[in-house]
Amino acid sequence: MDSRTVALIRTTFKAVAAEEGGPEKLARSFYAILFTEYPHIRDFFPAALDAQRDRLVKAIAYAVDRLEEPDRLLPFLAQLGRDHRKYGVAAEHYAAVCTSLKSALEAYAGTEMWTDEVDRAWDEGIGLIADTMIGAAEKETTPPVWTGTVIEHREVLRNLAIVRLRLDQPMQYAAGQYMSVQIPSRPRMWRYLSPAIPANANGELEFHIRSVTGGWVSPAMVGHSRVGEQWLIGSPLGGLGVPRNTRRKMLMIGCGTGIAPLRAQLMAMAARRSNPKVDLFVGGHYPCDLYDLEVLSQLACANKWLTVHPVTESIDNPWWHFDSSEEPQEFPGLRPRVVGQIGKIVAGHGSWEDRDVQIVGPPSMVQTTKFRLMAAGTSTQNIRHDPLF
């Protein structure tokens, strides 16, 4: 795709998105056109489209920003194509989506901006996205979806649970990746979760799930899931993973349940003979949010290349947290807990210019931490995180 085509696509999309309420209006228009012109496609989507609309615009923006980076964009699109097999979509469904998206964009861009040249540019851009996704899906030989039976459900905090599942057949994924999950009580409402353990021959997965206030799915996962339930699991996604270069030092930063994909990588690394030095900063609002310190302590004690730095924003736990132990539990092998904002704490240690950096957590935390590290001298090329949607 030439630079002129990329510029036309990027300019028109950003012009639409820059209007007040532009992203939401674009998404609403797209789904209205799609369901009106192709009513049979409505069955592929959940009843409530709020999260879906937001995710659509962010995914388009992510692709538009990377049209000149095929080495990053095409693998991402291929993963999406493999994952979309779980919906049962076919090539004709992609055509309907592409036509509806272009119609929605044209309606908001207006006749002055939407020229014949712009129309052709979007045909090329949307065609690239659709063809890559369709091609990857057609070549894939793994199941479109796995079934996982809940074998353990343990509430760690009032708003956080650890859930273990056993799959109907083993799944190969890289430690650090994530996958879409659907539970029986929330049909067609898929949510992304990261396994906290590496892939194994037993086909077991472990998810760390925090209940989001007002959310549709996570409160049901945390508060109402039961042993014996069957969940559906989509194909692995994401670009995080254990690097092959065992000499390049690593910096890992995880907040809340963002520790899960980092922990999975550390477990995978512990099975290797040689590893680089790794500094892991694990953060939370309160001390009780550092719910996985026991496992991290065991990893740090068994692997001298790992240093774990606990960080919390508050000194004490919230009023609602009850701890039956009279004395705070001590975990060997960990650095003393530091109080402060995790991005500021990490950046305060220096530029980390000799490290490959991974950041996992809420989008606001990832962005803030990334900017602080860049300001401290860390090269943006050395910083990795998954798409923030």
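**Notes on the predicted model: a helical stretch and two sheets**

1. Let's start in the parallel sheet. Strand β7 (residues 249–255) runs alongside strand β11 (residues 355–360), and the two pair in the parallel sense over six bridges. If you want a spot to click on, take Gly 254, whose bridge partner in β11 is Val 360.

2. Now zoom out to the sheet around that pair. It is an open sheet of six strands with parallel pairing, and the order is β10-β9-β8-β7-β11-β12. The edges belong to β10 (338–339) and β12 (383–384); each has a single partner strand, so one side of each is left without a neighbour in the sheet.

3. Two helices lie over these strands. Helix α8 (residues 259–270) crosses β7, β8 (278–284), β9 (306–312) and β11, and runs at about 145° to β7. Helix α11 (residues 363–376) lies across β7, β11 and β12, at about 155° to β11. So when you look at β7 or β11, check for both helices: each strand is on the list for α8 and on the list for α11.

4. A word on confidence before going further, as this is a predicted model. The chain averages a pLDDT of 92, and 98% of the residues score at least 70. Among the elements of the chain, strand β6 (residues 230–233) has the highest mean, 98, while α3 has the lowest, 84. Both of those elements come up again below.

5. The other sheet is antiparallel. It is also open, with six strands in the order β4-β3-β6-β1-β2-β5. Here β4 (191–193) and β5 (204–210) stand at the edges with a single partner strand each, so each has one side without a neighbour in the sheet. On average, neighbouring strands are turned by 40° against each other, direction ignored.

6. Inside that sheet, have a look at strand β1 (residues 146–157). It pairs with β6 in the antiparallel sense over four bridges. Trp 146 stands opposite Ile 233 in β6.

7. What does the record say about this part of the chain? UniProt, in an unreviewed entry, lists residues 143–243 as "domain: FAD-binding FR-type". In the model that span is 6% helix and 38% strand, and its end C-alpha atoms lie 27 Å apart.

8. The start of the chain has another make-up. The unreviewed UniProt entry gives "domain: Globin" for residues 1–138. The model shows 78% helix and 0% strand there, with the end C-alpha atoms 23 Å apart.

9. Finally, a helix pair to inspect. Helix α2 (residues 22–37) packs against helix α3 (residues 50–64) at an angle of about 110°, with the axes 9 Å apart. The two are therefore roughly perpendicular to each other. From α2 come Pro 23, Ala 27, Arg 28, Phe 30 and Tyr 31, and they meet Gln 52, Arg 53, Leu 56 and Val 57 of α3. By type, the contact residues divide into six nonpolar, one polar and two charged. Keep in mind that α3 has the lowest mean pLDDT among the elements of the chain.

How values were computed: Residues are numbered from 1 along each chain as its sequence is written. This is a predicted model: local features need pLDDT of at least 70, side-chain atom pairs count only at pLDDT 80 or more; totals for chains, interfaces and linings use all residues. Side-chain values use heavy atoms; hydrogens and water are left out. UniProt positions are given in the numbering used here, feature names are shortened, and annotations may be inferred rather than shown by experiment. Axes are lines fitted to C-alpha atoms, for helices over the stretch in contact, and angles run from 0 to 180 degrees between N-to-C directions. Angles under 35 degrees count as roughly parallel, over 145 as roughly antiparallel, 65 to 115 as roughly perpendicular and the rest as oblique. Contact means heavy atoms within 4.5 Å. Ala, Val, Leu, Ile, Met, Phe, Trp, Tyr, Cys and Pro count as nonpolar, Asp, Glu, Lys and Arg as charged, and the others, Gly among them, as polar. pLDDT is the predictor's confidence in each residue, from 0 to 100. Two strands pair if DSSP finds at least two bridges between them.
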